[in-house]
Amino acid sequence: MLSEQSAATVRATLPAVGGALGETTERFYAGMFEARPELLRDLFNRGNQAAGTQREALAGSIAAFATHLLAHPDTRPDAMLGRIAHKHASLGIAPEQYAIVHEHLFAAIAEVLGEAVTPEVAAAWEEVYWLMANALIAIEKRLHEEQGGPGWRKWEVVGRVAETADVVSLRLRPADGGPVRDFRPGQYVSVRVTLGDGARQIRQYSLSGAPGPGERQFSVKRVHDDGTPEGEVSGHLHARVRVGDVLELSEAYGDLVLEAEPAAPLLLASAGIGVTPMTAMLAHLADHGYDAPVTVVHGDRSPADHALRADHETHAAKLPDAAVHLWYEQDAPAGASTGYVDLTGVPVAAGTRAYLCGPLPFMRTVREQLIGKGVAPADIHYEVFGPDLWLAKQD
């Protein structure tokens, strides 16, 4: 909770500080990476930095956190904090790194806003920052404790399957032969690779299954290289990683997890590579004999582009009360629809819990249609691949 004095100052300065957050975060990252180049080389996603999406997500989360503190002083925006904390935990963010961020962020705020940042203003916004940072540190500590502590583990690639022209699935086992912790369907792992320039870049990939005892599988869509760093890790995994190679993986994290108890109607909606966590969820439901209604929704460019299509449909077919609805922009086979996902004619049972994964425009459309069909907003869960540019903007 903000102190009364800080709350009044933050309320008065939120329009100015919030309005300048875009420029502030840009200068913040530039200053921090100039002082600490190893952070960009070995921790931060160079693709997101080049695209500017990480700056936008950071600005949105700070503004959303401050706004929540003012509007609901006795609570925290735990959904937003939990999502960020899972990402940080999978990356191995350490508590002391929040002090580094603080130093360079507040230097950027002072640089952008100049004399408007009085000692009183600086103190109020520092209170906001440390309330958010300390909450994240506490959540991340708990997540690490649940997973046996932070750290990286070496996993050997024991299988590689080309799902489509642009998607490959990698099946792995621990290189040390040790036991494997269970993961919850819908979670992801961080994968750290060493690139040609020596950078150790990290990306997160949803677990698409556990093909055998002590194994994990994730599926990677290749982002075509256009001269930017955006596709450098997916390109590396596609071009260079083969059976017998060893990768560094984190434990499984992520808050888009299947809550199958108590049994309720479920709707699993995906588009493109968003099918990966949904496939893991369907496999879990099939393996455990889930008998409540399950509606499976997927959209893709064509059947040939539908990664994990056979698994997607096979798992759904094992469920006693499942309905599958597919949309393809082209080459739609019999039983599928042509075009984009449209739930207008799809029955949605009362009490449905929905899980969404795919591009933001797809998820926004599906969410709006589900709410229009009576699904409670609190029962609609989603995963964004990359910086979350949606959560901080939602009510």
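Select Arg36 and Glu38 to begin: their side chains meet in a salt bridge with an N to O distance of 2.6 Å, where a salt bridge is a side-chain nitrogen of Lys or Arg within 4 Å of a carboxyl oxygen of Asp or Glu. Arg36 is partly exposed at a relative accessible area of 32%, and Glu38 is partly exposed at 27%, on a scale where buried means under 20% relative accessible area, exposed means over 50% and partly exposed lies in between, computed with a 1.4 Å probe on protein chains only.

The model is a predicted one, in which local features need pLDDT of at least 70 and side-chain atom pairs count only at pLDDT 80 or more, whereas totals for chains, interfaces and linings use all residues. For your selections, residues are numbered from 1 along each chain as its sequence is written, and side-chain values use heavy atoms, with hydrogens and water left out.

**More salt bridges**

The structure holds 20 salt bridges. Select Arg76 and Asp78 next, whose side chains meet in a salt bridge at 3.1 Å, N to O; Arg76 is partly exposed with a relative accessible area of 41%, and Asp78 is partly exposed with 44%. Then move to Asp305 and Arg301, a salt bridge in which the closest N and O atoms are 3.5 Å apart. Asp305 is partly exposed at 25% relative accessible area, while Arg301 counts as partly exposed at 39%. After these pairs, select Arg46, Asp197, Arg203 and Glu232 together, since salt bridges that share partners join these four residues into one network.

**Helix α6**

Asp78 is also where helix α6 (residues 78-91) starts; helices here are DSSP runs of H or I with at least four residues, strands are runs of E with at least two, and both are numbered from the N terminus. Helix α6 has 14 residues and reaches 20 Å from its first C-alpha to its last, close to the 20 Å expected at 1.5 Å a residue, the expected span being 1.5 Å times one less than the number of residues. Colour the helix by accessibility and 11 of its 14 residues are buried, among them Met80, Leu81, His86, His88 and Leu91. What covers these buried residues includes α5 (53-71), α7 (97-113), α8 (119-146), β3, β4 and β12 (380-383), with contact taken as heavy atoms within 4.5 Å. Just after α6, select Gly92, which takes a positive phi of about 80 degrees.

**The barrel**

Now show the strands, where a closed barrel of six runs β1-β2-β5-β4-β3-β6 with antiparallel pairing; two strands pair if DSSP finds at least two bridges between them. The twist averages 45 degrees from one strand to the next, with axes as lines fitted to C-alpha atoms, for helices over the stretch in contact, and angles running from 0 to 180 degrees between N-to-C directions. Strand β3 (residues 188-194) and strand β6 (residues 246-249) pair in the antiparallel sense over two bridges: the bridge partner of Arg192 in β6 is Glu248, and that of Val191 is Leu249. Strand β1 (residues 153-162) also pairs with β6 in the antiparallel sense, over four bridges, and Lys154 stands opposite Glu248 in β6.

Two helices can be added to this view. Helix α6 packs on the sheet, touching β3 and β4 (200-209), and its direction makes about 40 degrees with that of β3. Helix α10 (residues 275-287) packs on the sheet as well, touching β4 and β5 (216-221), and its direction makes about 40 degrees with that of β4.

**Aromatic pairs**

A search of the whole structure finds seven aromatic pairs, counted when rings of Phe, Tyr and Trp (its six-membered ring) have centres within 6.5 Å, with planes under 30 degrees apart called stacked, over 60 edge-to-face and the rest tilted. Select Phe106 and Tyr129, whose ring centres are 6.0 Å apart and whose planes stand at 85 degrees, so the pair is edge-to-face. Phe106 lies in helix α7 and Tyr129 in helix α8, so the pair ties together parts that are 23 residues apart in sequence. Both Phe106 and Tyr129 are buried, the relative accessible area of Tyr129 being 11%. Add Trp130 to the selection: the rings of Tyr129 and Trp130 have their centres 5.0 Å apart and their planes at 85 degrees, so this pair is edge-to-face, and Trp130 counts as partly exposed at 27%. To finish, select Phe28, Tyr29, Phe33 and Phe44, which form one aromatic cluster.
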